[in-house]
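Dear colleague,

I am handing over the structure we spoke about, which you will find just below. Once you have had a look at it, please read on for the notes that follow.

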Amino acid sequence: MILFFKSLPRLFKTANKDMKRHFSMTFSSILSISVALLLSLIMAVIALNVRDISLSIESQMKLQVSLAPSLSQEQTTEIVKQISTMPQVVSAEYSSKEEELDKLIEENGEMFLQYKDANPLYDVITVEVNPKDKLEDMSQKLGQVDGVVEVSYGGAAIQKLISVFDSMRRIGFALAGGLMVLSIFLIRNTIRMTILVRQDEISIMRTVGAYNFYIYMPFLFTGMAMGFWGAFIPSVLVDAAYVMIYKAFQGALVSEMFALQAPFPFLLWLNAAAFAAGLLSGAIGSLLAAGRLIRRTR
Amino acid sequence: MIDLKQVSKSYPKGIHALTGLDLHIDDGEFVYVIGATGSGKSTLVKILNAEEIPDSGSVIVDGVDVGHLKHRKVPKYRRNIGCIFQDYRLLPSLTVYENIAFAMEAVGASKKEIKKRVAEVLELVDLKEKAYSYPDELSGGQQQRVTIARAIVNQPKVLIADEPTGNLDPEKSREIMSLLEKINETLKTTIIMVTHDSAIVDEYKKRTIMLDAGFMVHDFAKGGYKSL
């Protein structure tokens with residue numbers, strides 16, 4: 001252990017020399033990790049913000065269940081009771097067609113006064129469902145209840161938007177994952193080249209009795225250094241861009257409903273994740289290349 | 001010091017490299033190992049250097065049971081064994097000084113120790129003025145002397161020389177032999193030298209062990225090819 005710490009400066013020096021020796025390969029490995037992590041970071045920024053937004057939308061979403069005009073008072077009460085006992089339902093509020101019209105007039109003006117005599121609206125039940133359940137499934141289920149004419153929810157367009165975001169997010173992460181694998185292999189190849197170049201050195205080290213760690217540590221450091229720089233570049237870019245956007249839009253897009261996450265500590269976690277991913281992929285790449293050296297053979 | 005009892009080693013495809021070898025070498029001895037190609041010389045060297053594990057028998061070097069050595073203990077064991085090769089195996093991008101220092105760096109010696117010890121061995125192999133030359137600026141004999149310096153810099157108890165004069169003319173071979181004798185006498189290092197060079201074996205008479213097809217066929221204390 002003491003020997004390990006004593007050797008650290010020398011091991012770092014060797015790793016540094018290796019990276020300079022294969023600068024172009026090192027550079028392309030770093031670039032590839034950078035692109036993969038940049039993509040992942042952008043996706044993560046969007047995903048984490050959208051998740052917050054969709055949560056706030058979904059929690060506000062309510063279903064409007066229109067009832068057939070022919071129903072009697074008892075039947076209506078029965079249906080309200082039936083709906084409010086469903087496990088997914090948080091609350092169910094009955095409102096008669098007269099009340100609905102009053103609401104309409106209140107919200108949209110006097111022009112609806114003309115319908116006072118011949119009210120075309122239905123009696124409705126406003127159902128709030130558990131945010132974890134899909135509104136679409138729930139609306140289908142409610143549609144099957146006897147006496148229900150129509151089930152509607154205001155958020156259809158927003159739901160669609162969320163699902164588009166969702167698939168974008170999935171494609172983005174798949175792409176970033178693929179690039180990550182590619183960069184691991186690039187690192188592996190870079191380090192394998194270094195090992196080939198240093199083969200004589202390694203065999204002499206073995207002959208004079210160098211410990212395994214002394215032989216493979218420089219390669220691990222090289223890989224992790226590549227991962228570090230590969231995470232550093234996109235982190236700086238994303239941080240700068242996010243802070244700029246946040247300031248420009250004053251923390252919210254379009255309306256209060258689309259509030260952005262505050263840069264701190266959001267970016268801090270994001271950067272930590274990027275560095276962890278960079279260092280980890282660097283370490284995996286170098287271990288893949290130097291596996292033969294690590295195994296204790298004679 | 002070195003004690004081999006009934007050591008056998010065979011390779012896949014049924015090649016018997018060593019068969020029932022019994023050998024004892026005392027501390028500070030200088031021994032030649034001779035024999036035709038495929039006689040088992042290299043296998044013997046590899047077993048002593050812990051590169052190969054014998055199939056049966058016991059190999060004790062300086063109290064260490066080499067055959068049953070755990071993999072992680074091999075590096076520490078090797079520090080007691082210096083190796084010299086026919087093809088020198090120097091690092092071309094390092095100077096003579098750095099090549100020798102490299103062996104000490106690899107085992108974690110401090111800069112101060114390295115500086116002191118490398119100066120000592122350079123003096124011993126008579127290459128002080130070449131300390132900052134690169135290997136390709138040196139003659140074959142000088143390069144072999146650097147290899148010897150590197151092999152002894154960590155003060156091993158045993159020095160294994162695998163055909164150290166194989167690439168050298170007779171005059172340079174003598175230089176190397178004188179140096180090995182000097183190391184053997186002054187440092188009391190046990191030396192096992194594998195060689196094909198009958199002139200050297202005859203001129204510098206030492207205990208000579210002859211291998212043939214994996215068997216030890218002669219162990220002659222007075223030495224020399226002619227006496228076999």
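**What was found**

In chain B, residues 24 or more positions apart account for 66% of the contacts with a separation of 6 or more. Please keep in mind while reading that this is a predicted model. Chain B has seven helices and ten strands, and of its 228 residues, 44% count as buried.

I would begin with the sheet of chain B. Six strands form an open sheet there in the order 6-7-8-3-9-10, with mixed pairing. Its edge strands are strand 6 (81–84) and strand 10 of chain B, each of which pairs on one side only, and neighbouring strands of the sheet are turned by 20° against each other on average, direction ignored. Strand 7 (residues 158–162) and strand 8 (residues 190–194) of chain B pair in the parallel sense over five bridges, and in this pair Asp162(B) has Val194(B) of strand 8 as its bridge partner. Helix 6 (residues 170–186) of chain B packs on the sheet, where it touches strand 3 (30–34), strand 7 and strand 8 of chain B, and its direction makes about 155° with that of strand 8.

Towards the other edge, strand 9 (residues 207–212) and strand 10 (residues 215–220) of chain B run antiparallel and are joined by five bridges. These two strands form a hairpin with two residues between them, and Ala213(B) in the turn has a positive phi of about 50°. Asp212(B) has Phe215(B) in strand 10 as its bridge partner.

Turning to the helices, helix 4 (residues 111–124) of chain B has 14 residues, which at 1.5 Å a residue should span 20 Å, and its end C-alpha atoms are indeed 20 Å apart, which agrees. Within helix 4 of chain B, Val118(B), Val121(B) and Leu122(B) are buried; seen down the axis of this helix, its buried residues fall within an arc of 100°, so they line one face of the helix. The face turned away from that buried side carries the exposed residues Lys112(B), Glu113(B), Lys116(B), Glu120(B) and Glu123(B). The buried residues of helix 4 pack against helix 3 (96–105) and helix 5 (140–152) of chain B, and just after helix 4 of chain B, Asp126(B) takes a positive phi of about 60°.

Helix 3 of chain B is largely enclosed by the rest of the structure, because eight of its ten residues are buried. These buried residues are Val96(B), Tyr97(B), Asn99(B), Ile100(B), Ala101(B), Phe102(B), Ala103(B) and Met104(B). They pack against helix 4 and helix 5 of chain B, together with helix 7 of chain A.

That last partner leads on to the contact between the chains, which takes 17 residues from chain A and 19 residues from chain B. On the side of chain A that touches chain B, the elements that give two or more residues are helix 1 (2–21) and helix 7 (199–208) of chain A. Which of the elements of chain A gives the most to this side? Helix 7 of chain A does, with six residues. By class, this side of chain A has seven nonpolar, four polar and six charged residues.

With best wishes

Definitions and conventions
Residues numbered from 1 in each chain as written. Chains lettered and ligands numbered in written order. Predicted model: local features only at pLDDT ≥ 70, side-chain atom pairs only at ≥ 80, totals over all residues. Pairing = 2+ DSSP bridges. Helix = DSSP H or I, 4+ residues; strand = E, 2+ residues; numbered from the N terminus. Contact = placed C-beta atoms within 7 Å. Nonpolar A, V, L, I, M, F, W, Y, C, P; charged D, E, K, R; others polar. Axes fitted to C-alpha atoms, helices over the stretch in contact; angles between N-to-C directions. Expected span 1.5 Å × (residues − 1). Buried ≥ 20, exposed ≤ 12 C-beta atoms within 10 Å, placed from the backbone. Arc of directions from axis to C-beta.
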